[in-house]
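Me: I've got this one open on my screen and I'd like a close look at a single part. Could you take one helix and walk me through what sits on it and around it?

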Amino acid sequence: MTTDDSAQQKKIVNRLRRAQGQLAAVINAVEAGGSCKDVVTQLAAVSSALDRAGFVIVSTAMRECLDNPDAENSLSVDELEKLFLTLA
């Protein structure tokens with residue numbers, strides 16, 4: 001794993017941990033009978049954090065496929081497009 005790969009992985013893990021913390025806040029708000037507005041706001045933050053993590057993962061896969069298209073785990077253009085569209 002290169003330094004750039006490690007930095008990308010750390011960025012992805014940080015985004016996912018942030019989403020995990022936000023999801024815990026949503027659960028706590030629901031359990032505590034929090035206001036609808038607060039719950040929905042927190043839920044939107046979770047959704048956004050997960051989307052951003054997904055986009056980073058897909059963009060990393062795209063770069064890897066461009067840099068090394070013959071790699072064992074390389075994805076085709078169609079596979080990358082399908083992954084991207086699952087986030088849309």
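Reply: Sure, let's take helix H2, and let's start with Leu66, which is found in that helix. Keep in mind that this is a predicted model. Leu66 has a relative accessible area of 71%, and since anything over 50% counts as exposed, Leu66 is exposed. Along the chain, Leu66 and Val77 are 11 residues apart, and their C-alpha atoms are 9.9 Å apart in space.

Now go to Val39, another residue of H2, the helix that covers residues 36–67. Here the relative accessible area is 15%. The cut-off for buried is under 20%, so Val39 is buried. What does Val39 touch, if you leave out residues up to four places away in sequence? The list is Val26, Ala29, Val30 and Gly34. Leu23 is worth a click too: Leu23 and Val39 are 16 residues apart along the chain, with 9.9 Å between their C-alpha atoms.

Next, the packing against helix H3, which is made of residues 77–86. The axes of H2 and H3 are 10 Å apart, and the angle between them is about 170 degrees. Angles over 145 degrees count as roughly antiparallel, so that is how H2 and H3 run relative to each other. On the H2 side, the contact is made by Phe55, Val58, Ala61, Met62 and Cys65. H3 brings Leu80, Leu83 and Phe84 to it. By class, this contact has eight nonpolar residues, with no polar and no charged ones.

Two of those names, Ala61 and Cys65, come back in the lining of the largest pocket. That pocket has a volume of about 190 Å³. Along with Ala61 and Cys65, its lining includes Glu64, Asn68 and Ala71. Glu72, Asn73, Ser74 and Leu75 line the pocket as well. How do the residues of this lining divide by class? Four are nonpolar, three are polar and two are charged.

One last stop, starting from Glu64, which is one of the pocket-lining residues. Asp5 and Glu64 are 59 residues apart in sequence, yet 9.6 Å apart in space, C-alpha to C-alpha. Asp5 has its place in helix H1, residues 3–31. Its relative accessibility is 30%, and because that falls between the 20% and 50% cut-offs, Asp5 counts as partly exposed.

How values were computed. Residues are numbered from 1 along each chain as its sequence is written. This is a predicted model: local features need pLDDT of at least 70, side-chain atom pairs count only at pLDDT 80 or more; totals for chains, interfaces and linings use all residues. Side-chain values use heavy atoms; hydrogens and water are left out. On a 1 Å grid over the protein atoms alone, a cavity is a set of points where a 1.4 Å probe fits but cannot get out, and a pocket is an open set with protein on both sides within 12 Å along at least five of seven lines; lining residues have an atom within 4 Å of a point. Grid points are joined across faces, edges and corners, and a volume is the space filled by probe spheres set on the points. Ala, Val, Leu, Ile, Met, Phe, Trp, Tyr, Cys and Pro count as nonpolar, Asp, Glu, Lys and Arg as charged, and the others, Gly among them, as polar. Helices (H or I, at least four residues) and strands (E, at least two) are DSSP runs, numbered from the N terminus. Buried means under 20% relative accessible area, exposed over 50%, partly exposed in between (1.4 Å probe, protein chains only). Contact means heavy atoms within 4.5 Å. Axes are lines fitted to C-alpha atoms, for helices over the stretch in contact, and angles run from 0 to 180 degrees between N-to-C directions. Angles under 35 degrees count as roughly parallel, over 145 as roughly antiparallel, 65 to 115 as roughly perpendicular and the rest as oblique.
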